[in-house]
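Please look through the sequence and the model below before reading on. The paragraphs that follow lead from one helix contact to the core and then to the strands.

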Amino acid sequence: VHRRRQPLPGQSLVVADLTYDPAAMLATRGGRSIPLTRAQSAILAQLMQRSPQIVGHRELIAAVWGDEGRDAAALHTHVYELRKLIDRPFGTALIASVHGVGYRLTPP
């Protein structure tokens, strides 16, 4: 199911002023390029594909680590780092926490 949601090669995802190129694992916001790690890329892709819906913790963990699975603390750490790159420098947060459920990416 997760593979079916993946964008086609060369297809970028766009939410508000945030663009993500999955092939390059590169996000762009406000004209600034933001290189991402594999985990950050997987999280951002899931959030952008489902925006503005909530993506649950378990769905994100499965998207990043698959059957290997990690705990929620590892996910929270990666989302924290992603927020430092995607939200903080731009003054407008796109990534929102939904307490006890997951995260969502919402345009301002």
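**From a helix contact to the strands**

In this predicted model, a good place to begin is the contact in which Ala39, Gln40, Ile43 and Leu44 of helix α2 meet Leu75, His78, Val79, Glu81, Leu82, Leu85 and Ile86 of helix α4. Sorted by character, the residues of this contact of α2 with α4 comprise 8 nonpolar, 2 polar and 1 charged. Two packed helices are described by the angle between their axes and the distance between the axes. Here the axes of α2, which covers residues 38-50, and α4, which covers residues 72-86, come within 10 Å and cross at roughly 80°. Because angles from 65 to 115 degrees count as roughly perpendicular, α2 is described as roughly perpendicular to α4.

One residue of that contact, Leu44, leads onward to the core. In soluble globular proteins, nonpolar side chains tend to be buried together. The largest nonpolar core of this model has 27 residues, and of these Leu44 and Leu105 touch the most other members. At least two residues of this core come from each of β1 (13-15), β2 (18-21), α2, α3 (57-65), α4 and β7 (102-105), and α2 gives the most, with 7 residues. If neighbours within four places in sequence are left aside, Leu44 is in contact with Leu18, Tyr20, Ala27, Leu36, Leu82, Ile86 and Leu105.

Which residues of β2 are buried, and which are not? The side chains alternate along the strand, with Leu18 and Tyr20 buried and pointing to one face, whereas Thr19 and Asp21 point to the other face and are not buried. On one hand β2 runs antiparallel to β1, to which 3 bridges join it, and Leu18 is the bridge partner of Val15; the hairpin of these two strands has 2 residues between them, and Ala16 takes a positive phi near 55°. On the other hand β2 runs antiparallel to β3 (residues 26-29) over 4 bridges, with Arg29 as the bridge partner of Leu18 in β3. The hairpin of β2 and β3 has 4 residues between the strands, and Met25 in its turn has a positive phi of about 50°.

An open sheet of 3 strands has the order β5-β7-β6, with antiparallel pairing. Because β5 (55-56) and β6 (95-98) stand at the edges with a single partner strand each, one side of each is left without a neighbour in the sheet. Between β5 and β7 the antiparallel pairing extends over 2 bridges, and Gly102 in β7 is the bridge partner of Gly56. Helix α4 packs on this sheet, touching β6 and β7, and the direction of α4 makes about 150° with that of β6.

Technical notes. Residues are numbered from 1 along each chain as its sequence is written. This is a predicted model: local features need pLDDT of at least 70, side-chain atom pairs count only at pLDDT 80 or more; totals for chains, interfaces and linings use all residues. Side-chain values use heavy atoms; hydrogens and water are left out. Axes are lines fitted to C-alpha atoms, for helices over the stretch in contact, and angles run from 0 to 180 degrees between N-to-C directions. Angles under 35 degrees count as roughly parallel, over 145 as roughly antiparallel, 65 to 115 as roughly perpendicular and the rest as oblique. Contact means heavy atoms within 4.5 Å. Ala, Val, Leu, Ile, Met, Phe, Trp, Tyr, Cys and Pro count as nonpolar, Asp, Glu, Lys and Arg as charged, and the others, Gly among them, as polar. A nonpolar core is a set of buried Ala, Val, Leu, Ile, Met, Phe, Trp, Tyr and Cys residues joined through side-chain atoms within 4.5 Å. Buried means under 20% relative accessible area, exposed over 50%, partly exposed in between (1.4 Å probe, protein chains only). Two strands pair if DSSP finds at least two bridges between them.
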